[in-house]
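Visitor: I would like a close look at a single part of this protein, taken slowly and with the criteria spelled out. Please begin with a helix and follow its contacts outward.

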Amino acid sequence: MSGSRIPRALAGAVLGMALGLAESLFLLAAAPACLVPALRPVAARGLARLTAMERARLSRFFGLDTSRENGGYAFLAARAALGLLGGYACTSLLFLALLFLAGGTWALLWGRAEPIPLELPGVNLVTSSDVVGLSSGALLLVVSALLVLGMAALERRVAVHFLGPDGGELMRRRIAELTATRSGIVRAVDDERRRIERDLHDGVQQRGVALAMLLGRARHSSDEEQVHELVAQAYTESRRLLDELRSVAWRIYPTALDELGLRAALAGVAERSPVPVTVHDGLSGRLVSEVETALYFVVREAITNAVKHAGAHDILVVLSEDERTVSVAISDDGKGGADPSGGGLSGLARRVLALDGTFTVDSPPGGPTRVTAMLPKAPPCG
């Protein structure tokens, strides 16, 4: 459990102990009430209210998904027993810890410490009551905190068993997720096609028209010197046209990605970038084609956004992997404020989600911006 979750888990477990007492009292009252038909609706409302309070606590402090409609009396009984037993044990330990700490502090401050012999096998030690009291109190506090964390783990198990999504709900969610990612990748492909059309129209086509006009003027000119000048201009324009075609082809899909792999393709991105780009490659080898392609486009789009919109002066790309996943993080020192719902970033998110990955953008106003994508090494089948 991470450091940021420990205080929330402790607070949630302590609140659960308090709720355990209320739930126990309710169950004691609800048992005879359920035998009376007129009182059953009242008991049902109490059950629903306590269950709703538990849902809110589990979601707030433990981040649990409690999508099942109602855990019933069985859930409340398990929760009440867990809360009471845990509360009794933790309260007893905490009370003893406070007694030891108070006694040790009294002896330390007012000089009432008395020597206490500690007989161990082969060792004779003499210590004082203040040391024993303070150390014992501190140890009991640690044990109390560990017990509360153990209670939090049991809370999660009980909640998942009674209130967590069942197999049918998980399958429905998976179907909805696949439907959304499929439509998302279709939109991403359509957006990419429109961008290619704009690149061809605004770049390649315009240079082709300029080249045709220069050659037409040279063809109809009778001035030999002017013809040479127009041909020279047409040659320069043809070189620019070829560069534009290479650039468009590279933006569509770099051949280096298939032939040499992700490392070489990202080296090309860094070389073409107008600002310094540092790439830390922590990959042990080549990845499957779909994953390499997704990572490449994430890096390229993030660098393009950092240069064009964030005014970045330095960009860092870090590739890493573990046994099951591979991830990339792109950080820049720009002005921040990137919109994850924008055309480029949302298209990347759809591409990553289609491979069962995760895509996050952290870009507060003023920067820095960090774009992260994590993908499974084995893409989903189908």
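Guide: What follows looks at helix H9, then at the core and the salt bridges.

This is a predicted model, in which local features need pLDDT of at least 70 and side-chain atom pairs count only at pLDDT 80 or more, while totals for chains, interfaces and linings use all residues. Residues are numbered from 1 along each chain as its sequence is written, and side-chain values use heavy atoms, with hydrogens and water left out.

Helix H9 covers residues 289-308; helices (H or I, at least four residues) and strands (E, at least two) are DSSP runs, numbered from the N terminus. The expected span of a helix is 1.5 Å times one less than its number of residues, so the 20 residues of H9 should span 28 Å, and the end C-alpha atoms, 28 Å apart, agree with this. H9 is mostly covered, with 15 of its 20 residues buried, where buried means under 20% relative accessible area, exposed means over 50%, and partly exposed lies in between (1.4 Å probe, protein chains only).

The structure holds one aromatic pair. The rings of tyrosine 296 and phenylalanine 297 have their centres 5.2 Å apart and their planes at 75°, so the pair is edge-to-face; by the criterion used, rings of Phe, Tyr and Trp (its six-membered ring) pair if their centres lie within 6.5 Å, and planes under 30 degrees apart count as stacked, over 60 as edge-to-face and the rest as tilted. Tyrosine 296 counts as buried because its relative accessibility is 0%, and phenylalanine 297, at 6%, counts as buried too.

The largest nonpolar core has 37 residues, and those with the most contacts inside it are Val298, Ile315, Val328, Ile330 and Phe359. A nonpolar core is here a set of buried Ala, Val, Leu, Ile, Met, Phe, Trp, Tyr and Cys residues joined through side-chain atoms within 4.5 Å. Among the elements that give two or more residues to this core are helix H8 (262-272), strand S4 (315-321), strand S5 (325-332) and helix H10 (343-353), but the largest share, 10 residues, comes from H9.

Glutamate 292 forms a salt bridge with arginine 286, the closest N and O atoms being 2.8 Å apart; a salt bridge is a side-chain nitrogen of Lys or Arg within 4 Å of a carboxyl oxygen of Asp or Glu. Glutamate 292 is buried, with a relative accessible area of 4%, whereas arginine 286, at 49%, is partly exposed.

A search of the whole structure finds five salt bridges. In one of them, the side chains of aspartate 281 and arginine 263 meet at 2.5 Å, N to O, and this pair links distant parts of the chain, since aspartate 281 lies in strand S3 (residues 277-281) and arginine 263 in helix H8, 18 residues apart. Aspartate 281 counts as partly exposed at 29% relative accessibility, while arginine 263 is exposed, with a relative accessible area of 56%.

Returning to the elements around the core, the loop between H10 and S6 holds aspartate 356, whose phi is near 65°, a positive value in a residue other than glycine. With 33% relative accessibility, aspartate 356 counts as partly exposed.
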